[in-house]
Amino acid sequence: MHDACLYVRHLSHLLHGAALMFFLMRCATLWPRRNEHAVVRLMLLIMALIAGLLVKDLCDLAGEGWLSGFVVNLSTCLDMCLVPVITAFSFRILAPRWTSAARVAAICTPSVLLTAAYAVFRTDAVFNIMYIYTAVLVAVWAFFTLTGVARYDRWVKDNYSDADRLSVAWLGGATIALTCWYVVWAVFVLQHGWWSVAVYMVFLIVIWEIIYRYTMRHAILADAPDMLRPLPGRGQNQRYSPVMRSLPATLETYMGRERPWMDPSLSLSELSQAVGTNRTYLSDYINNSLGTTFCDYLNSFRIAQACSLMAADSRLSLEEVAERSGFNSMSTFRRAFRKELGCNPAQYRKATG
């Protein structure tokens, strides 16, 4: 029994060191890219903070025999200071113009002040307030992030044709995972067994590696509205205005003649300029008169093109069909094809071949 406990203890120490090395390596990777945009800088800050907290935890482990309750609680308060930084990171992705440096500071200040207050007064009341405040902040952050992700993706589909590439659905998944991470962390703090340490370190590495990869692929959209607030309702149908009366024929002619949907990155603004109208009118016509999104509207032309190509030449691979139909990836092609026709491209080719 003693040997098993010793093994788990050594394993947890090994994983602790591995986690520290992981976050230091990610800091080294992010540092040269820190001037790209604020999201990268916040990711760098998070990685650096977690590395610092892991060093602090290693010092705690080295002196676990003499640590007082005050030191343990102060260490926990420092851990909880990470939550507002993660909140600012999520808000910066969903509302880049709203999340200014001053607002980031305002989000982080209460946790810093409560940690300082506990360090000075050493009362359980302050520590309990910090714990409750952090739990409430996690709930508020999760709510606004999950609702903001849904709004953001709806807006992307209404304004861009490559919605899959620009989607922030990954942030919703990361929010759920990080909420689970917070629960695992809370159990770790309460139990503080060696198995909980080992599980926590694995959880830490896996979650942040996934978030890191998606963050570095995230495209910043300068025209994105504030997703922390509800989007305005889709405009009233303006089909009785002169512009709206001529738009259907103009758009149909342009789509058939110029085939703009062959551009995988076509935006609503670009198409509205091409057909001589404004973004609001075109968006209103597609959303309300046609009852679809900009992304799905373009994909309907792409799917029709794909079906024609498959019927004309059975030797074309599905990858070639996708590329010649305006899709920038096979995953987007399959997803759009199934949504439009209820089957995947391979099934369609087999059924119609």
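Here are some worked exercises on a predicted model of a protein chain.

**Exercise 1. Get the overall picture: how many helices and strands does the protein chain have, and what share of its residues counts as buried?**

Solution.
- Start with secondary structure: the protein chain has 16 helices and 0 strands.
- Next, look at burial. The chain runs to 353 residues, and 47% of them count as buried.
- Finally, check the contacts. Take those in the protein chain between residues at least 6 apart in sequence: 73% of them join residues at least 24 apart.

**Exercise 2. Work out how helix α3 sits against helix α6: what are the angle and the axis separation, and which residues make the contact?**

Solution.
- Pick out the two elements: α3 covers residues 69–80 and α6 covers residues 124–159.
- Read off the geometry. The helices pack at about 25 degrees, and their axes are 10 Å apart.
- Classify the angle. Angles under 35 degrees count as roughly parallel, so α3 and α6 are roughly parallel to each other.
- Add the handedness: α3 passes α6 in a left-handed crossing.
- Now list who does the touching. On the α3 side you have Asn73, Thr76, Cys77 and Met80, and on the α6 side Asp124, Phe127, Met130, Tyr131 and Thr134.
- Sort that contact by class, and you get 5 nonpolar, 3 polar and 1 charged.

**Exercise 3. Do the same for α3 and α5: at what angle do they pack, and how does the contact divide by class?**

Solution.
- The angle is about 170 degrees, and the axes of α3 and α5 are 9 Å apart.
- Angles over 145 degrees count as roughly antiparallel, which means α3 is roughly antiparallel to α5.
- For the partners, α3 brings Gly69, Phe70, Asn73, Leu74, Cys77 and Leu78, which meet Thr115, Tyr118 and Ala119 in α5.
- By class, the α3–α5 contact holds 6 nonpolar and 3 polar residues, with no charged ones.
- Bonus step: spot the shared names. Asn73 and Cys77 turn up in the contact of α3 with α6 and again in that of α3 with α5.

**Exercise 4. Hunt for disulfides: how many does the structure have, and why does cysteine 77 form no bond with cysteine 81?**

Solution.
- A search of the whole structure turns up 0 disulfides.
- Take cysteine 77 as a test case. Its closest cysteine sulfur belongs to cysteine 81, at 7.2 Å.
- A disulfide needs the two sulfur atoms within 2.5 Å, so this pair is too far apart for a bond.
- Check the surroundings too: cysteine 77 is buried, with a relative accessible area of 0%. Cysteine 27 is also buried, at 14%.

**Exercise 5. Are serine 111 and aspartate 79 buried or exposed, and where do they sit?**

Solution.
- Serine 111 is in helix α5, which spans residues 101–121.
- Its relative accessibility is 1%, and the cut-off for buried is under 20%, so serine 111 counts as buried.
- Leaving out residues up to four places away in sequence, serine 111 touches Cys81, Pro84, Met130 and Tyr133.
- Over to aspartate 79, which is found in helix α3. With a relative accessible area of 14%, aspartate 79 is buried.
- For a distance check, aspartate 79 and lysine 56 are 23 residues apart in sequence, and 9.6 Å apart C-alpha to C-alpha.

**Exercise 6. Look at the backbone: what phi do arginine 122 and arginine 259 have, and where are they placed?**

Solution.
- Recall the background: most residues other than glycine have a negative phi.
- Arginine 122 isn't a glycine, yet has a positive phi of about 55 degrees. Arginine 122 lies in the loop between α5 and α6 and counts as exposed at 55% relative accessibility.
- Arginine 259 also has a positive phi, about 50 degrees. The place to find arginine 259 is the loop between α10 (242–258) and α11 (268–274). With a relative accessible area of 36%, arginine 259 is partly exposed.

**Exercise 7. How do helix α15 and helix α16 cross, and which residues make the contact?**

Solution.
- The axes of α15 (residues 330–341) and α16 (residues 345–352) come within 9 Å and cross at roughly 55 degrees.
- That angle makes α15 oblique to α16.
- Phe333, Arg334, Phe337, Arg338 and Leu341 of α15 make the contact with Pro345, Gln347 and Tyr348 of α16.
- By class, this contact of α15 with α16 splits into 5 nonpolar, 1 polar and 2 charged.

Technical notes:
Residues numbered from 1 in each chain as written. Predicted model: local features only at pLDDT ≥ 70, side-chain atom pairs only at ≥ 80, totals over all residues. Heavy atoms only, no water. Buried < 20%, exposed > 50% of the residue type's maximum accessible area, 1.4 Å probe, protein only. Axes fitted to C-alpha atoms, helices over the stretch in contact; angles between N-to-C directions. Helix = DSSP H or I, 4+ residues; strand = E, 2+ residues; numbered from the N terminus. Parallel < 35°, antiparallel > 145°, perpendicular 65-115°, else oblique. Left-handed = near helix turned anticlockwise from the far one by under 90°. Contact = heavy atoms within 4.5 Å. Nonpolar A, V, L, I, M, F, W, Y, C, P; charged D, E, K, R; others polar.
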